[in-house]
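Welcome! Take a look at the sequence and the model before we talk them through.

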Amino acid sequence: MNNNLLKFQFITSETEKYSHIDGAKIAIDAGFKWIQLRMKNVALNEIEKTAAEIKELCDKNNVILIINDHPEICKKINASGIHLGKMDMKPVEARRLLSLENYEKKFIIGGTANNLDDIMELALQDVDYIGLGPFRFTSTKANLSPLLGLEKYVNITEQCRNYNIQTPIIAIGGITKNDIHPLMKIRGIAGIALSSAILNAENPQKEAKEIVGFMNKN
């Protein structure tokens with residue numbers, strides 16, 4: 001997988017102003033090449049319908065679509081892959097399910113980590129990337145794990161090098177535009193995942209474009 005694709009990701013979230021599809025459109029129009037559809041506590045048929053609509057947008061713009069939590073939906077709409085939280089299905093089991101009847105496609109599988117132990121477990125299960133966080137408080141996620149901050153990112157990525165863990169690590173959780181530069185300076189951080197920083201901006205379209213431009217320079 002091209003690590004440049006991991007550099008900046010958009011995670012959908014529904015707000016008072018924007019639906020998951022609205023957010024995906026904003027991110028895609030701005031130049032994001034990686035969208036994660038994250039719909040919690042929603043009926044599967046609604047997730048599938050939304051996923052199918054976003055998949056069409058992604059296909060037209062050569063954008064990766066990752067489905068959060070649901071390998072069956074990923075498989076049904078032929079998305080690029082899935083992202084699994086700490087309480088979700090094990091990555092090895094998800095890969096087995098996704099490969100049934102579709103041996104030729106290599107689905108992308110990512111997992112969530114909060115510490116080195118989580119990372120080591122995911123690396124052993126051959127995930128394609130790891131979302132490490134949360135960086136700071138985020139209202140988009142319930143049951144929030146302990147916050148990390150810059151210092152812990154530095155410490156954890158250094159330990160990953162000591163253990164020769166080479167799985168790409170993405171910083172996630174409450175990240176703003178001002179956090180991007182210091183996070184991307186950390187050796188071992190392959191990319192940034194954003195959501196509320198864009199959707200809660202005064203002008204989300206402008207904010208998304210500025211973030212893409214900034215990331216392309218780093």
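Here are a few questions about aromatic rings and a helix contact.

This is a predicted model, where local features need pLDDT of at least 70, side-chain atom pairs count only at pLDDT 80 or more, and totals for chains, interfaces and linings use all residues. Residues are numbered from 1 along each chain as its sequence is written, and side-chain values use heavy atoms, with hydrogens and water left out.

Q: How do the rings of Phe8 and Phe32 pair: stacked or edge-to-face?
A: Rings of Phe, Tyr and Trp (its six-membered ring) pair if their centres lie within 6.5 Å; planes under 30 degrees apart count as stacked, over 60 as edge-to-face and the rest as tilted. The centres of Phe8 and Phe32 are 5.2 Å apart and their planes stand at 80°, so this pair is edge-to-face.

Q: Is Phe8 buried or exposed?
A: Buried means under 20% relative accessible area, exposed over 50%, and partly exposed in between (1.4 Å probe, protein chains only). Phe32 is buried, and Phe8 is likewise buried.

Q: Which residues do ring pairs link into a cluster?
A: Phe10 and Phe32 also pair, with centres 6.2 Å apart and planes at 70°, so they are edge-to-face. Ring pairs thus join a cluster of Phe8, Phe10 and Phe32.

Q: Which residues of H7 meet H9?
A: Contact means heavy atoms within 4.5 Å, and helices (H or I, at least four residues) are DSSP runs, numbered from the N terminus. On the H9 side are Glu207, Glu210, Ile211, Phe214 and Met215, and they meet, in H7, Lys177, Ile180, His181 and Met184.

Methods:
Helix = DSSP H or I, 4+ residues; strand = E, 2+ residues; numbered from the N terminus.
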